[in-house]
Amino acid sequence: MNLIALGGVIGAGLFVGSGVVIESAGPAAIVSFLIAGVITLLIMRMLAEMAVARPVVGSFYVYAREALGNRAGFSVGWMYWYFFVIVVAVEAIAGGRILQLYLPSAPLWILSLGLLVILTCTNLVSARSFGEFEYWFSSIKVIAIVLFLGLGALWITGLWPDATPGVANLVSHGGFAPLGWGAVLAAVVPCVAFFTGAEIVTIAAAESAEPKKAVARAMRSIVVRIITFYVGSIFVVVAVVPWSTEAVGVSPYAAALSALHIPGVATIMNVVILTAVLSCLNSALYTSSRMLFALTRNGDAPHMFTRLSGGGVPRRAILAGTVIGYASVIAAFVSPDLVFSFLVNSYGAVALFVYLMIAISQVALRKKLEARDPEALSLKMWLFPWLSYATIALMGAVIAAMAVLPTTRSQFWLSVVTLAFILIGYEFRRRSRTNAERLDTVTPPAASPADGSDAEQLVGVVTREQP
């Protein structure tokens, strides 16, 4: 469970995207990642409180629905599903581009589709199959980061051959915050997005043997480890290599390893980045399918997605996510500057909207749990309610900053368009359900054996498979 949570967060964004943050904030990018890490830590603590008190399939979708109403639950569930089906496409294309470096004659769309098919088949087998693949993917990433931190420590302390020890690079090229502290705070916005994925553990826990223990154990330590990996590795990069070096913006880890004269740097980093991409693709397929499966339980998604295979896998829900992935890969080939560009930008702020709703849900649900079932609150949010309110304010500030910063403004507004479509979808769903209820009062439907079968399958999903 710990490695599943790590795998959801440590992706290509850390190994490549962090270079953009360093370019925009200088060495003080360390502070940007630290602030983003603290915000994520607080949100994950709030989510952990709810998940330990009520471990359910669908996690925060269910909590938002219970705490804030049907519209909020519907919106959170579909926003999260949309976010991860686009992640499926983005990661498949990123993986295809890496493979194309070694197979230049192969078309990108074929390589991307090949990766997508392989990991789709893995997820279709069983939840255990997903867990095994994620375990090894995450293990490789964790080992790579730990080795990177170790090598950086040797360089900084002067124990590495031909090293220039010390941390002078933190201040020698325009100061620690050469572009100003405003740039440092602005850089928090993409950093928070990099941390997205830690919440996957609360979704996967529903299929583990002991959901409460799994969530509590993972959430107590996982975010601290993630912050250590992110902040620690960024510190190594800007300490070893001047932040203004062009190579840092392209691939910060490769730039640092090149300074250490590690042979085969390009190949090493491509292998690590490909592993990170496949891990995120694997997690995205799993997460999107389980969220779609959960949406069916309250009629927020078509009933057909409740069907489970003999191994307890919602195969139709998995395939629904891959259909969007296949369409997006084709769009990247046919219309990269229009259709695919829209898809990529239309999910940029969606995960942040979900995080804000998680925080608001915790405040509302905590009050209900204290009144109805106080004994369920075995793991609590710190300094409630004030720290919860502060977290909501911080997330609100991050989203507001995304709306006004030139580099993220288009992503914010296109994500608002995504949210608007989801809300329109809820209105159609609400009205169709109202009309159906009116018809039911006239002609009650006959009992269907299939409904009972699905209900039994839904109850059994929590314990049937263990990732």
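**Reading salt bridges and the core**

Tutor: Glu-66 has a relative accessible area of 27% and therefore counts as partly exposed, a class that lies between buried, under 20% relative accessible area, and exposed, over 50% (1.4 Å probe, protein chains only). This is a predicted model, in which local features need pLDDT of at least 70 and side-chain atom pairs count only at pLDDT 80 or more, whereas totals for chains, interfaces and linings use all residues. Residues are numbered from 1 along each chain as its sequence is written, and side-chain values use heavy atoms, with hydrogens and water left out.

Student: With which residue does Glu-66 form a salt bridge?

Tutor: Side chains of opposite charge can pair when their charged atoms come close. The criterion is a side-chain nitrogen of Lys or Arg within 4 Å of a carboxyl oxygen of Asp or Glu. Here the partner of Glu-66 is Arg-54, with the closest N and O atoms 1.8 Å apart. The two residues are 12 apart in the chain, Arg-54 lying in the loop between α3 and α4 (60-68) and Glu-66 in helix α4, where helices are DSSP runs (H or I, at least four residues) numbered from the N terminus. Arg-54, too, is partly exposed, at a relative accessible area of 27%.

Student: How many salt bridges does the structure hold, and which residues do shared partners join into one network?

Tutor: There are seven salt bridges. In one of them, the side chains of Glu-49 and Arg-366 meet at 2.7 Å, N to O, and this pair links distant parts of the chain, 317 residues apart, from helix α3 (residues 29-53) to helix α17 (residues 350-372). Arg-366 also forms a salt bridge with Glu-370, the closest N and O atoms being 2.9 Å apart, and these two residues lie four apart in helix α17, about one turn of the helix. Shared partners thus join Glu-49, Arg-366 and Glu-370 into one network.

Student: Are the members of this network buried or exposed?

Tutor: Glu-49 is buried, at 1% relative accessibility, and Arg-366 is buried at 6%, whereas Glu-370 is partly exposed at 39%.

Student: Which residues touch the most other members of the largest nonpolar core?

Tutor: A nonpolar core is a set of buried Ala, Val, Leu, Ile, Met, Phe, Trp, Tyr and Cys residues joined through side-chain atoms within 4.5 Å. The largest one has 161 residues, and Phe-15, Phe-33, Phe-60 and Leu-292 touch the most other members. Its largest share, 18 residues, comes from helix α11 (residues 211-240). Leaving aside residues up to four places away in sequence, Phe-60 has contacts (heavy atoms within 4.5 Å) that include Leu-47, Tyr-80, Met-291 and Ile-358.
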